[in-house]
Amino acid sequence: MREAYRADIRRRRRELRARRPRWAGHSMRRGCVRHLQRQGTARHIIEQQCRYRPGSRALARYLDPGVPWADNPTRPRR
């Protein structure tokens, strides 16, 4: 009886986990990078703020390619 109860608890936990969205440890880090990018923060500032090395390829994977260069406030205007 005790084993049946434990098996039922394990089954319910699995079902509950399957219904919840999956968040990883880097979800917040990626969210921070994307937020800063959409705010128009320069890449070198994002690298400093989020503790990436200059020219980091890991940071490049987190950057959103959907932010056009023309909308970048750090771009020199002519």
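**Exercise 1. State what share of the contacts between residues at least 6 apart in sequence join residues at least 24 apart, and describe the fold elements.**

Solution. Among the protein's contacts between residues at least 6 apart in sequence, 41% join residues at least 24 apart. The model used here is predicted. Next, list the elements: the protein has four helices and zero strands. Read from the N terminus, their order is α-α-α-α.

**Exercise 2. Decide how many disulfides the model has, and explain the result for Cys32 and Cys50.**

Solution. Step one: recall that a disulfide is a covalent bond between the sulfur atoms of two cysteines. Step two: take the cut-off, which is 2.5 Å between the sulfur atoms. Step three: apply the cut-off, and the count comes to zero disulfides. Cys32 is in none, its nearest cysteine sulfur being that of Cys50, 3.8 Å away. The sulfur of Cys50 therefore lies too far from that of Cys32 for a bond. Step four: compare the surroundings. Cys32 is partly exposed, at a relative accessible area of 33%, whereas Cys50 is buried, at 10%.

**Exercise 3. Find which residues make up the largest nonpolar core and which elements give two or more residues to this core.**

Solution. Step one: name the members. The largest nonpolar core has eight residues: Val33, Leu36, Ile46, Cys50, Tyr52, Leu59, Tyr62 and Leu63. Step two: assign elements. Helix 2 (25-38) and helix 4 (57-62) each give two or more residues to this core. Step three: follow one member. Leaving out residues up to four places away in sequence, Leu63 touches Val33, Arg34, Gln37 and Arg43. Step four: turn to the whole protein, where buried residues make up 19% of the 78 residues.

Definitions and conventions: Residues numbered from 1 in each chain as written. Predicted model: local features only at pLDDT ≥ 70, side-chain atom pairs only at ≥ 80, totals over all residues. Heavy atoms only, no water. Buried < 20%, exposed > 50% of the residue type's maximum accessible area, 1.4 Å probe, protein only. Core = buried A, V, L, I, M, F, W, Y, C linked by side-chain atoms within 4.5 Å. Contact = heavy atoms within 4.5 Å.
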